[in-house]
Amino acid sequence: MLLLPLLPHQAPAKPPLPPGQLLFQQNCVRCHGANGKRGLNGAHDLTKSNLNDFGRTYLVVNGMGKMPAFGKKLTAAQVQQVVAYSLTLR
Ligand code: HEC
């Protein structure tokens with residue numbers, strides 16, 4: 001009887017999430033939602049935000065109202081990554 005070669009089962013490796021997206025899921029989704037539209041506790045719809053890179057960075061670092069400050073939790077590079085990701089939400 002012919003035995004099929006026993007290939008080790010190789011699930012295609014999932015590409016890792018881009019760091020900004022991962023940071024967004026860890027820090028922002030609970031209020032803003034995965035698509036930026038959740039709006040919990042008056043969180044603004046990020047897809048409608050007119051804030052640019054600079055404004056978002058300031059807000060994420062310093063917080064505003066019910067939006068927590070992330071300046072102590074995230075490094076400057078992480079803030080930049082998560083802000084860049086937030087700008088891709090449409
Ligand atoms: C505890 C809930 C909460 C979390 C967590 C949170 N936000 Fe917010 N976010 C808010 C609220 C509330 C506002 C509205 C603040 C205001 O104007 O008083 C806001 C506003 C914003 C705005 C401004 C939108 C605009 O144009 O007015 C940006 C950008 C933003 N958040 C990005 C983020 C990012 C990026 C993260 C993760 C690093 C995050 N937020 C995490 C609650 C949250």
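The exchange below goes through a predicted model, from its ligand shell to one helix.

Me: What makes a residue part of the shell around the ligand, and which are the closest?
Reply: A residue counts if its C-beta atom, placed from the backbone, lies within 6 Å of the ligand. On that basis 25 residues surround the ligand, the closest being Cys28, Cys31, Ser49, Gly65 and Met67. Helices H2 (29-32), H3 (53-62) and H4 (76-86) each supply at least two residues of this shell.

Me: How is the shell around the ligand divided by class?
Reply: The shell has 13 nonpolar, nine polar and three charged residues.

Me: What makes the largest nonpolar core a core, and which residues form it?
Reply: Its members must be buried and joined through C-beta atoms within 7 Å. Nine residues form this core: Leu23, Phe24, Cys28, Val60, Phe70, Val79, Val82, Val83 and Tyr85. Helix H1 (19-27) and H4 are the elements that give two or more residues to the core, and H4 gives the most, with four.

Me: Why are the buried residues of H4 said to line one face of the helix?
Reply: Val79, Val82, Val83, Tyr85 and Ser86 are buried in H4. Seen down the helix axis, the buried residues of H4 fall within an arc of 160°, so they line one face. On the other side of H4, Ala76 and Ala77 are exposed.

Me: What covers the buried residues of H4?
Reply: The cover includes H1 and H3. Val83, for one, touches Asp53, Arg56, Thr57 and Val60, leaving aside residues up to four places away in sequence.

Note on methods:
Residues numbered from 1 in each chain as written. Predicted model: local features only at pLDDT ≥ 70, side-chain atom pairs only at ≥ 80, totals over all residues. Nonpolar A, V, L, I, M, F, W, Y, C, P; charged D, E, K, R; others polar. Buried ≥ 20, exposed ≤ 12 C-beta atoms within 10 Å, placed from the backbone. Contact = placed C-beta atoms within 7 Å. Arc of directions from axis to C-beta.
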